[in-house]
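Reader: I would like a close look at a single part of this model. Please take one charged residue and its surroundings, and then set them against the charge pairs elsewhere.

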Amino acid sequence: MPHFTIEYSANLDRRLDIAAVCEVVRKAAVETGIFPLGGIRVRAIKCEHYAIADARQDYGFLDMVLRIGEGRDLPARQKAGEHVFQALSKHLDPVFAASKFALSFDMQINDKDTSWKRNNIHDALKVEAAHG
């Protein structure tokens, strides 16, 4: 972990490079220094069907949820969350300037007793780092 899931309104496809959004979030997560590189995941899901406010079709949204494992104190989580949110928000400034848009971000902590994982990426990164 961390796993970022982005849901966004389909009308953003013509205003925004979603792959670039994923990279902004990935990079910001790395910059926090509190997440293991091999655990970072950023995925984006386009919502074809949605209704916003008074149903105007030009309104857009991007909602991001971050799921993390236990073990980080509240100040560390808040600092990391603020860093990621500010990087994403800055990247989305042109969308805010050109349209009506809603951005949200929530962080959730997974309970280790009910969370299962299998990942060999961590080991691959360690080997790569050791051997250049």
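**Strand E3 and the loop after it**

Author: In this predicted model, Glu-7 has Asp-63 of strand E3 as its bridge partner. That pairing belongs to the contact between strand E1 (residues 3–9) and E3, which run antiparallel and are joined by six bridges. E3 also pairs with strand E4 (residues 101–109), here in parallel and through nine bridges; Gly-60, for instance, stands opposite Phe-101 in E4. E3 is mostly covered, with seven of its nine residues buried.

The charged residue to look at is Arg-72, in the loop that links strand E3 (60–68) to helix H2 (74–91). Arg-72 is buried but makes no salt bridge. Its nearest side chain of opposite charge belongs to Asp-73, 8.7 Å away. A salt bridge requires the nitrogen and the carboxyl oxygen to be within 4 Å, so Asp-73 does not qualify as a partner. What the side chain of Arg-72 does reach is backbone oxygen: that of Gly-69 at 3.1 Å, and that of Ile-34, which lies 3.2 Å from a polar atom of the arginine side chain. Beyond the neighbours within four places in sequence, Arg-72 is in contact with Ile-34, Phe-35, Pro-36 and Arg-77.

Charge pairs do occur elsewhere, as the structure holds five salt bridges. Side chains of opposite charge can pair when their charged atoms come close. In helix H1 (residues 18–32), Arg-26 and Glu-23 are three residues apart, so about one helical turn separates them, and their side chains meet at 2.6 Å, N to O. Arg-26 is partly exposed at 32% relative accessibility, and Glu-23 is partly exposed at 38%. Glu-31 and Lys-27, four residues apart in H1, are likewise separated by about one helical turn; their salt bridge is 3.6 Å, N to O. Both count as partly exposed, Glu-31 with 43% and Lys-27 with 48%.

Another salt bridge joins Asp-54 and Arg-56 at 3.2 Å, N to O. Asp-54 is partly exposed at 45% relative accessibility, as is Arg-56 at 49%. Asp-13, Lys-46 and Glu-48 are joined into one network by salt bridges that share partners.

Disulfides are absent: a search of the whole structure finds zero. The sulfur of Cys-22 has its closest cysteine sulfur in Cys-47, and the 13 Å between them is too far for a bond. Cys-22 is buried at 16% relative accessibility, and Cys-47 is buried at 16%.

Definitions and conventions. Residues are numbered from 1 along each chain as its sequence is written. This is a predicted model: local features need pLDDT of at least 70, side-chain atom pairs count only at pLDDT 80 or more; totals for chains, interfaces and linings use all residues. Side-chain values use heavy atoms; hydrogens and water are left out. A disulfide is a pair of cysteine sulfur atoms within 2.5 Å. Buried means under 20% relative accessible area, exposed over 50%, partly exposed in between (1.4 Å probe, protein chains only). Helices (H or I, at least four residues) and strands (E, at least two) are DSSP runs, numbered from the N terminus. Lys and Arg count as positive and Asp and Glu as negative; His and the chain ends are not counted. A polar contact is a pair of N or O atoms within 3.5 Å; within protein, one must be able to donate a hydrogen and the other to accept it, and residues adjacent in sequence count only if both atoms are side-chain atoms. Contact means heavy atoms within 4.5 Å. Two strands pair if DSSP finds at least two bridges between them.
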